[in-house]
Amino acid sequence: MKKIEPFPGTITMQTVPSGRNMAGITKKIVLNEAQTAWLRKWFPEIENSCIMQASGLSHSTLHRFAREMGLQKSEKGLQGIKRRQAAQVKKVCKRNGYYASLKGKQPSDACKRATAQMWQEIREGKREHPARIMARENPKKYRQWMQRKSQSRKEAHRKEILRVTYGLDRKTKLHIVMCKYTKSQTSHRYNALRRGYILMTDCSEQGGERYNIYYDKDTERAEIFERNLIADGFHIKEWKE
């Protein structure tokens, strides 16, 4: 991270009008002339994280000032930022044994211990989950990450269904249900579960339980509901231990 001059002075809050008719009041951070000049000098050349650390400004406040002042990263500044970030990533990857793992070697013991320690601290509540930190500090990046994760899972699920369909070896542990119900049947099964009816996990044609729905003494039975189930192709049976 490139060294920069210290932030001049301290951050101050000022009461300003707010609301559609400017009838209310609120407090917001304001910069003096020296602080404004400092931000104009360093924002085009330096990473936002470095500026935030030096000034004490939050992510949203820094972007508000940049928007109001019309500040953008210069081409030379972006090149320097990418170069420093790449060097930092390379340093961390070498320390954690990532490059060695790409060559067919196992991650280093230090990498394994650090990873296990991190997840142990997260489970014990001593450290915040990285995804929660991203959602709080960079909501846009978090939404994009969640969208990519969702698309990746859908694609893996689609490929796994094709493997099962054509009798190939499975490569994931995703739960695959090959039987399909109509929208009406799916809705009836869901409502039956809510009423306390018993449905079998195996709903394949070979299992023989595809259209069977059972009831016991705790089931919230209804004559009209069961009549609709039967009309939709289901069989209502008493559950026997």
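Where do lysine 159 and glutamate 155 both lie, and how many residues apart are they? They both lie in helix α8 (residues 139–165), four residues apart, about one turn of the helix. More on that pair below, once the overall picture is in place.

## What you're looking at

This is a predicted model, so local features need a pLDDT of at least 70 and side-chain atom pairs count only at pLDDT 80 or more, while totals for chains, interfaces and linings use all residues. Residues are numbered from 1 along each chain as its sequence is written, and side-chain values use heavy atoms, with hydrogens and water left out.

The protein comes to ten helices and four strands. Both kinds of element are DSSP runs numbered from the N terminus: H or I over at least four residues for a helix, E over at least two for a strand. Read from the N terminus, the order is β-β-α-α-α-α-α-α-α-α-α-β-α-β. Of the 241 residues, 24% count as buried, where buried means under 20% relative accessible area, exposed over 50% and partly exposed in between (1.4 Å probe, protein chains only). A contact is a pair of heavy atoms within 4.5 Å; among contacts between residues at least 6 apart in sequence, 45% join residues at least 24 apart.

## The N-terminal segment and α1

Start with isoleucine 4, in the segment before β1. Isoleucine 4 is buried, at 19% relative accessible area. Its C-alpha is 7.6 Å from that of tryptophan 42, though the two are 38 residues apart in sequence. Leaving out residues up to four places away in sequence, isoleucine 4 touches Trp38, Trp42, Ile46, Cys50 and Ala54.

Phenylalanine 7 and tryptophan 38 are part of the aromatic story: the structure holds seven aromatic pairs. Rings of Phe, Tyr and Trp (its six-membered ring) pair if their centres lie within 6.5 Å, and planes under 30 degrees apart count as stacked, over 60 as edge-to-face and the rest as tilted. For phenylalanine 7 and tryptophan 38, the centres are 5.0 Å apart and the planes stand at 90°, so this pair is edge-to-face. Phenylalanine 7 sits in the segment before β1 (12–18) and tryptophan 38 in helix α1 (residues 33–42), so the pair ties together parts that are 31 residues apart in sequence. Both residues are buried.

## Two nonpolar cores

A nonpolar core here is a set of buried Ala, Val, Leu, Ile, Met, Phe, Trp, Tyr and Cys residues joined through side-chain atoms within 4.5 Å. The largest one has 17 residues, and those with the most contacts inside it are Trp38, Leu39, Phe43, Ile51 and Phe65. Elements giving two or more residues to this core are α1, α2 (48–55) and α3 (59–69), with the largest share, four residues, coming from α3.

Isoleucine 51 has a long contact list: Trp38, Leu39, Trp42, Phe43, Ile46, Gly56, Leu62 and Lys73, again not counting residues up to four places away. There's also a second, separate core of nine residues, including Ala192, Tyr197, Ile213 and Tyr215.

## Charges over rings

A charge sits over a ring if NZ of Lys or CZ of Arg is within 6 Å of the ring centre and within 35 degrees of the ring normal. Lysine 73 does this over the face of phenylalanine 43, at 4.1 Å from the ring centre. Arginine 210 lies over the face of tyrosine 181, at 4.7 Å from the ring centre. Tyr181 also forms one aromatic cluster with Tyr211 and Phe234.

## Salt bridges

There are 13 salt bridges, each a side-chain nitrogen of Lys or Arg within 4 Å of a carboxyl oxygen of Asp or Glu. Back to the opening pair: lysine 159 and glutamate 155 have their closest N and O atoms 4.0 Å apart. Lysine 159 is partly exposed at 40% relative accessible area, and glutamate 155 is partly exposed at 31%.

Arginine 170 bridges to glutamate 160, with the closest N and O atoms 2.6 Å apart. Arginine 170 lies in the loop between α8 and α9 (183–195) and glutamate 160 in helix α8, so the pair ties together parts that are ten residues apart in sequence. Arginine 170 is partly exposed at 40%, whereas glutamate 160 is buried at 0%. Elsewhere, Glu128, Arg136 and Glu137 are joined into one network by salt bridges that share partners.
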